[in-house]
Amino acid sequence: LGYSSEHDPNYRYCSMHQSTIFGVSWYENLWLDQCGLGSGASGGPWIADMDENGVGTLFSINSWGFDDKIGMAGPSLRTQDGSLAECLFQEAVKAKDPGK
């Protein structure tokens, strides 16, 4: 999900199976090889098992792509119990609001 600058202000999404890719030799990213999201879409969520209410598991975010070919990469946030994003959310819920 995200807003690519070349399609602004239209909200766009990709729905496909992912593979993996190495952007650098030491880190394996998830890869959507036919995703047309580009610049401006960074940070958009990758969600699995979404139900009719829009609830699902966040397993990656839009991170980077190549200038010379289509595709979008993102880090894996999956754990055996769900998602690292869920762990972060639970910690944020427990934290004191710094504005109060």
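What is the volume of the largest pocket? In this predicted model, the largest pocket has a volume of about 310 Å³. Local features are reported at pLDDT of at least 70 and side-chain atom pairs at pLDDT 80 or more, whereas totals for chains, interfaces and linings use all residues. Residues are numbered from 1 along each chain as its sequence is written, and side-chain values use heavy atoms, with hydrogens and water left out.

The protein chain contains one helix and seven strands, where helices (H or I, at least four residues) and strands (E, at least two) are DSSP runs numbered from the N terminus. The order of these elements from the N terminus is β-β-β-β-β-β-β-α. Of the 100 residues in the protein chain, 23% are buried; buried denotes under 20% relative accessible area, exposed over 50%, and partly exposed the range in between, for a 1.4 Å probe and protein chains only.

Several strand pairings were identified, two strands being paired if DSSP finds at least two bridges between them. Strand β1 (residues 19–24) runs antiparallel to β2 and is joined to it by five bridges. These two strands, β1 and β2, form a hairpin with two residues between them, and T20 has L30 of β2 as its bridge partner. Strand β2 is also joined to β5, in antiparallel orientation, by three bridges, with L30 opposite G74 in β5. A further antiparallel pair consists of β3 and β4, joined by four bridges; here A48 stands opposite T57 in β4.

The largest nonpolar core comprises nine residues, namely L30, L32, C35, L37, A41, W46, A48, F59 and M72. Such a core is a set of buried Ala, Val, Leu, Ile, Met, Phe, Trp, Tyr and Cys residues joined through side-chain atoms within 4.5 Å. At least two residues of this core come from each of β2 (27–32) and β3 (45–48). In β3 the side chains alternate: W46 and A48 are buried and point to one face, while P45 and I47 point to the other and are not buried.

The core residue A41 is located in the loop between β2 and β3 and is buried, at a relative accessible area of 1%. The C-alpha atoms of A41 and S63 are 8.0 Å apart, although 22 residues separate A41 and S63 in sequence. The backbone oxygen of A41 is reached at 2.9 Å by the side chain of N62. This is a polar contact, defined as a pair of N or O atoms within 3.5 Å; within protein, one atom must be able to donate a hydrogen and the other to accept it, and residues adjacent in sequence count only if both atoms are side-chain atoms. N62 lies in the loop between β4 (57–61) and β5 (72–74), and its relative accessible area of 2% places N62 among the buried residues. A second buried asparagine, N29, belongs to strand β2 and has a relative accessible area of 6%. A polar atom of the N29 side chain lies 3.4 Å from the backbone oxygen of Y27.

The backbone of D49 was examined separately. Most residues other than glycine have a negative phi. D49, which is not a glycine, has a positive phi of about 55 degrees. D49 is placed in the loop between β3 and β4 and counts as exposed because its relative accessibility is 70%.

Pockets were located on a 1 Å grid over the protein atoms alone, as open sets of points where a 1.4 Å probe fits, with protein on both sides within 12 Å along at least five of seven lines; lining residues have an atom within 4 Å of a point. Grid points are joined across faces, edges and corners, and a volume is the space filled by probe spheres set on the points. Sixteen residues line the largest pocket, and C14, S15, M16, W46 and I47 lie nearest its centre. The lining of the largest pocket comprises twelve nonpolar, three polar and one charged residue, where Ala, Val, Leu, Ile, Met, Phe, Trp, Tyr, Cys and Pro count as nonpolar, Asp, Glu, Lys and Arg as charged, and the others, Gly among them, as polar. Strand β3 gives the most to this lining, with three residues. The second largest pocket holds about 190 Å³ of space. Its lining is formed by 16 residues, of which L37, G38, S39, G65 and F66 are the closest to the centre. The lining of the second largest pocket divides into six nonpolar, seven polar and three charged residues.
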